[in-house]
Structure formats: C-alpha cells, structure tokens
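The following note sets out points for a colleague who is examining the model. Each point takes up one part of the fold and the residues within it.

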Amino acid sequence: ETLRTVRGVAQVRDDGAAFARTWARAGEQLASTRWRTAPVAWNTLDGRILAATRQTTSAVKVAASTINFLADTGRLQITVTNGLDVPVKNIKVTVEAANQRLRIDRQPPVLRIGAQSRATVNIGVTALAAGVVPLRTTLTTPDGTVIGQGADVEVHVTPTGDWVYWSLGGLALVILLLGIVRSFSRRPHQPRRANP
C-alpha cells in the first residue's frame, strides 16, 4: 500500500522520477528482515515515507466555496490549489452531486497546476430542481491513487424555467406602457382658437 501510494504520487509531481527513486527504494527496504531487531528504526523510516507522500496529498486540494447557479444548463467553476514548491500534472478531478437536483454532464479535463498556484476547472451541469446541492470532489492520479483533499462545495441551484420568460414579458409590457404614457404626456398642447 505504501509503495503504491509513493508511485501514484510520483506520477503527478514534476520531480516524480527523483521522488520515486528516493521513497520507493526506501519503501522496498521496509520489507527486509533486518528490521526485526530494530522496530524503532523501522517505524522512523515508515513515518518519513508517509510524511513525504502526505506532503503531496495534503498540499493539492479543492478550495471550499459556495456557488449560485441561476440557469437550466451551464458550467460550474471549481478551484484546485497546489501548495507544493513543485508543479503537479495529470490531476484528475471527479465531481459528484450529492442529490438529484443537479446533473453532472461533463467532468473536467486533467489538470496541470504550477508550484504554489491554483487552477480553475469547468464542469458542465444541468439544473433539474431548485435547492442546495453539495458536491463531492475527488482528486486522483492516472493510476487511481486518491490524492489531495476534497472540499465542501455547495451549489444553490435555481433553474430559470417559465418564470424567467413571464418576468421578461412583464418587464417588456411595463416598458411599453411607460413609453406610451410618456409620449402622450409630451405632446404639445395646442391653444384654443377664440371664436369671433
């Protein structure tokens, strides 16, 4: 499990070859029988390997946010941050809606994020009903190793539906009536002619 995590993390780091060379070799050494007489040293090495992988998996994360979605279909934008001093690549973001008020139509493409930077991903969605929809986000490497931290992304969904068209029609009618009233009130008054 430790070796799989190290190799998965190495796939997304720009310095992945050096990272894997150092920490995968150390992980392979943990299976050696020589540690039977040195359990404290084994625990120390295991802790260093876990800390090295955790540094990556905790530094890449989805930023928590609240989104207002006022449409029938469109795109949501979610921000992913990289707190590492090296760029990361091939980050796959998977988004799932916690309820059926919002349908995910298109998942975002894989990401590349610079060192100490952030990237915005677009997700194609369709609103099916009004309400609050929590989104579950997962960040994975190409081999499926889960990295990063999901975040609370809350979407307030308000489909446009027929009320938008009624509102626009009502607004157009009010503007038309105001224009008619204004045109009559601006007509010059013609003076009455006196009868001889």
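**Surroundings of Val95**

1. Beyond its neighbours within four places in sequence, Val95 makes contact with Ile78, Ile104, Gln107, Ile123, Leu135, Arg136 and Thr137. The model is a predicted one. Val95 belongs to strand E4 and is buried, at a relative accessible area of 1%. Pro108 follows at a separation of 13 residues in sequence, and the C-alpha atoms of Val95 and Pro108 are 8.5 Å apart in space.

2. The strand that holds Val95, E4 (residues 88–97), is joined to strand E8 (residues 131–140) by six bridges, and the two run antiparallel. Within this pairing, Glu96 has Arg136 of E8 as its bridge partner. Arg136 is also one of the residues in contact with Val95.

3. Strand E8 has further antiparallel partners. Five bridges connect E8 with strand E10 (residues 153–157), where His156 is the bridge partner of Val132. Two bridges connect E8 with strand E9 (residues 146–147), and here Thr140 is matched with Val146 of E9. E8 and E9 form a hairpin with five residues between them, and Gly144 in its turn has a positive phi of about 95°.

4. Which residues have the most contacts inside the largest nonpolar core? They are Leu102, Leu135 and Val155, in a core of 43 residues. Strand E7 supplies the largest share of this core, with five residues. Leu135 is also in contact with Val95.

5. Leu102 deserves a separate entry. Apart from neighbours within four places in sequence, Leu102 is in contact with Phe69, Leu76, Ala97, Val125, Thr126, Ala127, Val133, Leu135, Val155 and Val157. Both Leu135 and Val155 are therefore contacts of Leu102 as well as residues with the most contacts inside a core that is, by definition, joined through side-chain atoms within 4.5 Å.

6. An open sheet of four strands is arranged in the order E1-E3-E7-E5, and the pairing is antiparallel. Strands E1 (60–62) and E5 (102–106) are at the edges; each has a single partner strand, so one side of each lacks a neighbour in the sheet. From one strand to the next, the twist averages 40°. In general, the strands of a sheet pair through backbone hydrogen bonds, in either a parallel or an antiparallel sense.

7. Two of the pairings in this sheet can be followed through Thr81. E1 and strand E3 (residues 73–82) run antiparallel and are joined by three bridges, with Lys61 opposite Thr81 of E3. E3 pairs in turn with strand E7 (residues 117–127) over ten bridges, again in the antiparallel sense. In E7, Arg118 is the bridge partner of Thr81.

8. Helix H3 (residues 39–59) packs on the sheet, where it touches E1 and E3, and its direction makes about 30° with that of E1. Thr56 is located in helix H3. Is Thr56 buried or exposed? Thr56 is buried, with a relative accessible area of 0%. Outside its neighbours within four places in sequence, Thr56 is in contact with Val9, Arg13 and Leu84.

9. The packing of helix H1 (residues 2–10) against H3 merits attention. Their axes come within 10 Å and cross at roughly 35°, and the crossing is left-handed. From H1 the contact is made by Thr2, Thr5, Val6 and Val9, and from H3 by Asp46, Ile49, Leu50, Thr53, Thr56 and Thr57. These contact residues divide into four nonpolar, five polar and one charged.

10. Which residues of H1 are buried? They are Val6, Gly8, Val9 and Ala10. The elements that cover them include helix H2 (16–29), H3 and E9. Val6 and Val9 are among the residues through which H1 meets H3, and Val9 is a contact of the buried Thr56.

How values were computed. Residues are numbered from 1 along each chain as its sequence is written. This is a predicted model: local features need pLDDT of at least 70, side-chain atom pairs count only at pLDDT 80 or more; totals for chains, interfaces and linings use all residues. Side-chain values use heavy atoms; hydrogens and water are left out. Two strands pair if DSSP finds at least two bridges between them. Axes are lines fitted to C-alpha atoms, for helices over the stretch in contact, and angles run from 0 to 180 degrees between N-to-C directions. Contact means heavy atoms within 4.5 Å. Buried means under 20% relative accessible area, exposed over 50%, partly exposed in between (1.4 Å probe, protein chains only). A crossing is left-handed if the near helix is turned anticlockwise from the far one by less than a right angle, and right-handed if clockwise. Ala, Val, Leu, Ile, Met, Phe, Trp, Tyr, Cys and Pro count as nonpolar, Asp, Glu, Lys and Arg as charged, and the others, Gly among them, as polar.
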